[in-house]
Amino acid sequence: MLDSYKIREDFPILKRTVNGYPLIYFDNAATSQKPKEVIDVIKDFYENHNANVHRAVHTLSQEASELYECAHEEVAKFINARGMEETVFVRGTTEAINLVAYAWGLHNLGKNDEVVVSLMEHHSNIVPWELISRIKGFKIKYANVKNDGTLDYQHLEDLLSKKTKIVCLSHVSNVTGIVNDIKRVAKLAHENGALLLVDGAQSVPHMPVNVKELDADFLAFSGHKMLGPTGIGVLYGGKELLEKMEPFHGGGEMIREVSFDKKKRRCSIAWNVLPWKFEAGTPNVAGGIGLMAAVKYLKRLGMENVRAHEEKLTKYAILRIQKCCKKARIYGTTDTKVKCGMIPFGIEGLSSHDIALFLDNYGIMVRSGYHCAQPLHEMLNLDSSARVSFYVYNTREEIDRFGEVLKEIEQF
Amino acid sequence: MVAVDDYVSRIEGTCGKEKDIIVIFKYDKKDDVTKRILAKAKLKKSIGGIIFELTFQNYSFRLYGSGKAIFRDLKDKEELNSLLAELLLT
């Protein structure tokens, strides 16, 4: 059981007011707030250990390198990867997916190949594939979602064939919160000789995620959605797979050697070991260390407890929305067993932005619009949606307050 | 000379089929903005004197005590600018 009231004390931002009301932050699917522990670790790094990592022999660089490597190891343990060689630090989920699309896709996909993507994906798991498809000419096949927002597994299965080279699927929809059965899809993909890339942006922060159990080939997620800083994220990939792949970006840090052949007047290049082969240039060291602090914080809470807390809040919020506002409609399934802590909804006669502005007026932060998932909105025939999304510091009292404001909106 | 920019902090285009435009007024000018707009536009409804449903010419929009307004069915930024000029400057 989480004590969200105690947890709140760790988050300085939750003490502020907005428009004269206590801040209620229900936009956690977009980004989470940061505990003091994470803020302090970043401050401490810049005040006491800041230096560029690797290759320098001086003390500060050694300290920074050690911290940065520890961060990789900590993240690897968090998702049960074999070690830091399987956890590449990137800017976020978007860059992680782009890394796979370019570093793997450009070299492994051709005209006769197919990529299967679901229609519930965030744009970041659609656009990179569309971009690479324009270069390589492969087909993209989109798996349908049902009216309740769940994935149409039969349709996805029907799309798979020996031509399928990779299946790209979110673990949890960033609009409906629906949790996809990744193990099932991994089995289907692998039976057809395809890889599985999982967008874990909305799952890793909110539930236990074990890459071995999921049997995913790639898993992408962002630090800022899991109490960490912005600008840091992770691509998990199996060691053997990452070793076979070409690098994404070229530059310092990702090479072992760049040797100039005086006769040929060309450079021969040998890549660095994993994960550095995919981390060109000076990395976001402070971000990585901040992410480590966030992971430690979440581990202390226990990811099972995080999931249970959000499930309870979601169940309660669904009831409050239905009770307080008859004009409200919740989109997608309301079965909290198959969804994470977010609720997309609309109110008759109001646009989603109207709803968000109404709530903002009372200090309640919610998202409105497409949430970077326009195809899903189109499939569900929605003009847009308002979305509340919860995290470890949200409370039932906040949901009660949200319900009271919904009542006012209904009267308007 | 006073201009629309003196009152406006940001203009946010929104995603979604509705294509609403949200205007965020400068925080220290929000009370002045509210006064000016309420003097010009026709009030249809209000909640607690902090949320106003308004019409002006053929436009309908909503103004919030937080210093934000949502405009619908505007063609482009130019149309918004001339509407804001009418509401705030004349």
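# A walk through chain A, strand by strand

In chain A, strand 4 and strand 10 are antiparallel partners, joined over 4 bridges. Within this pairing, V88(A) faces L235(A) of strand 10. The model is a predicted one. The side chains of strand 4 of chain A alternate: T87(A) and F89(A) point one way, V88(A) and V90(A) point the other way, and all are buried.

The pair belongs to a wider sheet. How many strands does this open sheet have, and in what order do they stand? The sheet has 7 strands in the order 4-10-9-8-7-5-6 of chain A, and its pairing is mixed. Strand 4 (87–90) and strand 6 (139–143) of chain A are at the edges; each has a single partner strand, so one side of each is left without a neighbour in the sheet. Direction ignored, neighbouring strands of this sheet are turned by 20° against each other on average.

Next comes strand 9 of chain A, which stands between strand 10 and strand 8 in the order of the sheet. With strand 10 (residues 233–237) of chain A, strand 9 runs antiparallel, and 5 bridges join the two. Here F218(A) is opposite G237(A) of strand 10. With strand 8 (residues 195–199) of chain A, strand 9 (residues 218–222) pairs in the parallel sense over 3 bridges. On this side V198(A) has L219(A) of strand 9 as its bridge partner, and D199(A) is opposite A220(A) of strand 9.

Is strand 9 of chain A enclosed or open to its surroundings? In strand 9, 5 of the 5 residues are buried, so the strand is largely enclosed by the rest of the structure. Its residues point in two directions: F218(A), A220(A) and S222(A) one way, L219(A) and F221(A) the other way, and all are buried.

The view now widens to the whole chain. Chain A contains 14 helices and 17 strands. Its radius of gyration is 22 Å, close to the 22 Å given by the globule rule for 412 residues, so chain A is as compact as a globular protein of that length. The C-alpha trace of chain A spans about 80 × 55 × 35 Å along its principal axes. Of the 412 residues in chain A, 52% count as buried. Among contacts between residues at least 6 apart in the sequence of chain A, 72% join residues at least 24 apart.

One pair of residues shows separation in sequence beside separation in space. D40(A) and A293(A) are 253 residues apart in sequence, and their C-alpha atoms are 9.3 Å apart in space. D40(A) is part of helix 2 (residues 36–49) of chain A. This residue is partly exposed, because 13 other C-beta atoms lie within 10 Å.

Chain A is divided into two parts, domain 1 (39–299) and domain 2 (302–411). The centres of the two domains, taken over C-alpha atoms, are separated by 29 Å. Their contact takes 22 residues from domain 1 and 23 residues from domain 2 of chain A. On the side of domain 1 that touches domain 2, there are 11 nonpolar, 9 polar and 2 charged residues.

A further sheet of chain A is also open, and its 4 strands have the order 13-14-17-16 with antiparallel pairing. Its edge strands are strand 13 (328–330) and strand 16 (367–369) of chain A, each of which pairs on one side only. From one strand to the next, the twist averages 30°. Strand 13 pairs with strand 14 (residues 342–347) of chain A over 3 bridges in the antiparallel sense, and A328(A) has I347(A) of strand 14 as its bridge partner. Helix 12 of chain A packs on this sheet, where it touches strand 14, strand 16 and strand 17 (385–389) of chain A. The direction of helix 12 makes about 160° with that of strand 16 of chain A.

The last topic is the contact with chain B. This contact takes 15 residues from chain A and 17 residues from chain B. Which element gives the largest share of the side of chain A that touches chain B? That element is helix 12 (residues 352–361) of chain A, with 7 residues. By class, the side of chain A that touches chain B has 4 nonpolar, 7 polar and 4 charged residues.

Conventions: Residues numbered from 1 in each chain as written. Chains lettered and ligands numbered in written order. Predicted model: local features only at pLDDT ≥ 70, side-chain atom pairs only at ≥ 80, totals over all residues. Domains from an automatic or database assignment. Contact = placed C-beta atoms within 7 Å. Nonpolar A, V, L, I, M, F, W, Y, C, P; charged D, E, K, R; others polar. Pairing = 2+ DSSP bridges. Axes fitted to C-alpha atoms, helices over the stretch in contact; angles between N-to-C directions. Rg over C-alpha atoms; globule rule 2.2 N^0.38 Å. Buried ≥ 20, exposed ≤ 12 C-beta atoms within 10 Å, placed from the backbone.
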